[in-house]
Amino acid sequence: MDDSTSVSPLLEPGLLGEVEIANRVLMAPMTRSRAGESRMPNALMAEYYAQRAGAGLIVSEGASISDEAKGWLHTATIHTDVHAQAWTQVVEAVHNAGSKMFCQLWHCGRASHSSFRADGSLPVAPSAIANGGEYIHTPNGKQPFEVPRALDAEELPRVVEDFRKAAERAKSAGFDGVEIHGANGYLIDEFLQSKTNHRTDDYGGSIENRYRLLKEIVEAVCTVYAPGRVAVRLSPNGVFNDMGSPDYREQFLYVAEQLNGYGLSYLHVMDGLGFGFHELGEPVTLADIRAVYKHAIVGNCGHDQASAEQAIRSGAATAMAFGRPYITNPDLVERFRNGWPLADMPDPSIWYSFDAEGYTDFPAYQAG
């Protein structure tokens with residue numbers, strides 16, 4: 001037997017920029033809403049992530065970079081030094097369990113609501129175009145999405161600085177790097193896509209201009225961490241948060257080509273269709289991204305072990321991230337290694353229970 005095919009490529013060590021990983025399984029960022037009303041990372045979160053530290057790299061749930069950036073109930077933030085200090089216990093728990101951890105930097109943009117802010121200010125976006133979703137969960141229950149306030153060009157350097165400061169706090173908390181959340185209909189994705197960006201200034205119109213904000217954020221964050229410890233997440237095929245633009249292929253392949261020049265840790269591409277597909281053409285594949293991006297690529301969204309292995313063997317991906325399988329399988333890597341079955345998914349209603357139920361109560365596989 002050819003030994004090169006007898007071991008799963010998911011189980012081989014790898015390199016993501018400057019970050020050495022013990023295997024090529026990443027735990028994808030997932031919003032789980034366990035930080036309470038204080039939005040403070042806590043011991044329950046530390047336990048949850050440490051349980052899943054078999055992953056070569058864990059990417060945290062999105063951490064809001066500012067008060068303006070919030071848009072989910074009970075999610076952790078990293079926009080104050082106090083919150084950053086609280087993240088330290090989470091990072092240390094992961095390190096002590098043998099893995100590495102990136103912090104995902106998050107601004108919800110229009111996918112938010114005025115009730116998340118004490119001053120009642122509207123959510124912000126590139127343009128005053130409301131999310132077409134049915135409702136948003138707010139501190140006051142389900143509410144319709146509001147028409148956001150379009151950010152003035154003069155405000156954008158402040159947004160960039162919020163990302164840079166959040167990266168500084170992530171570094172102080174001990175994170176091995178950061179992932180800039182440019183996917184899923186949040187602020188950066190809203191700037192990238194023509195559906196949500198109708199600006200006529202230097203941040204709108206052409207594909208080059210729509211990329212400008214992400215470019216400035218990447219460059220600012222790379223003054224805090226070396227580029228080899230900075231990643232970007234994109235969702236070219238996604239429909240979540242009412243996204244999907246006719247020129248998506250042109251836009252996202254351009255973005256990937258531009259990001260190629262930075263030597264980032266990895267480009268995280270939600271290529272799979274498990275989170276919905278806008279059906280505006282052929283899906284952007286990892287192979288499409290690989291044609292313009294030469295560094296580490298991480299695929300994600302709806303992949304199983306077989307499709308993940310194929311993506312790595314083909315050279316299209318360097319590693320693969322798994323989200324929902326990690327909810328019920330804290331020992332996902334060991335299940336892959338031993339051919340053990342994956343646990344069934346529970347009722348989604350307990351994914352956001354705000355406590356240990358549906359969070360830290362899923363056991364590792366019991367052989368025999």
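This passage describes the barrel of a predicted model, one of its strands, its internal spaces and a residue in a helix.

In the predicted model, eight strands form a closed barrel. Their order around the barrel is β3-β4-β5-β10-β11-β12-β13-β14, and they pair in parallel. From one strand to the next, the twist averages 25 degrees. In general, the strands of a sheet are paired through backbone hydrogen bonds, in either a parallel or an antiparallel arrangement.

One of the pairings in the barrel joins strand β4, residues 57–64, to strand β5, residues 101–106. Five bridges connect β4 and β5, and the sense is parallel. Within this part of the barrel, M101 of β5 stands opposite I58. Helix α2, which spans residues 43–51, lies across β4 and β5 as well as β3, the strand of residues 25–27. The direction of α2 is at about 150 degrees to that of β4.

Strand β14 comprises residues 319–322 and has β13 and β3 as partners. Strand β13, residues 297–300, runs parallel to β14 and is joined to β14 by three bridges. The pairing of β3 with β14 is likewise parallel and also has three bridges. A321 of β14 is the bridge partner of L26, and A321 is also the bridge partner of N300. The side chains of β14 are divided between two directions: A319 and A321 point one way, whereas M320 and F322 point the other way. All four of these residues are buried.

F322 belongs to β14. The relative accessibility of F322 is 3%, and F322 therefore counts as buried. Neighbours within four places in sequence being left aside, F322 is in contact with L10, V25, L26, M27, A28, N300, H303, D304, A308, L332 and F336. Among these contacts, N300 is a residue whose bridge partner in β14 is A321, and the same holds for L26. By contrast, F322 and S121 are separated by 201 residues in sequence and by 35 Å in space, C-alpha to C-alpha.

The model also contains enclosed and open spaces. One cavity of 30 Å³ or more was counted. The largest cavity holds about 60 Å³ of space. Its lining consists of N184, S235, N237, G238, V239, F240, M270, G272, F275, G276 and C301.

The volume of the largest pocket is about 1,100 Å³. Its lining is made up of 42 residues, of which W72, F240, F275, R324 and Y352 are the closest to the pocket centre. Two or more lining residues are given by each of β5, β7 (136–138), β14 and α10 (325–328). F240 and F275 line the largest cavity, and F240 and F275 are also among the residues closest to the centre of the largest pocket.

A further residue, N209, is located in helix α6, which covers residues 207–221. N209 counts as buried because its relative accessibility is 17%, and the cut-off for buried is under 20%. Apart from neighbours within four places in sequence, the contacts of N209 are with D201, D202, Y203 and G204. With G204, a polar atom of the N209 side chain lies 3.1 Å from the backbone oxygen.

Methods. Residues are numbered from 1 along each chain as its sequence is written. This is a predicted model: local features need pLDDT of at least 70, side-chain atom pairs count only at pLDDT 80 or more; totals for chains, interfaces and linings use all residues. Side-chain values use heavy atoms; hydrogens and water are left out. Helices (H or I, at least four residues) and strands (E, at least two) are DSSP runs, numbered from the N terminus. Buried means under 20% relative accessible area, exposed over 50%, partly exposed in between (1.4 Å probe, protein chains only). A polar contact is a pair of N or O atoms within 3.5 Å; within protein, one must be able to donate a hydrogen and the other to accept it, and residues adjacent in sequence count only if both atoms are side-chain atoms. Contact means heavy atoms within 4.5 Å. Two strands pair if DSSP finds at least two bridges between them. Axes are lines fitted to C-alpha atoms, for helices over the stretch in contact, and angles run from 0 to 180 degrees between N-to-C directions. On a 1 Å grid over the protein atoms alone, a cavity is a set of points where a 1.4 Å probe fits but cannot get out, and a pocket is an open set with protein on both sides within 12 Å along at least five of seven lines; lining residues have an atom within 4 Å of a point. Grid points are joined across faces, edges and corners, and a volume is the space filled by probe spheres set on the points.
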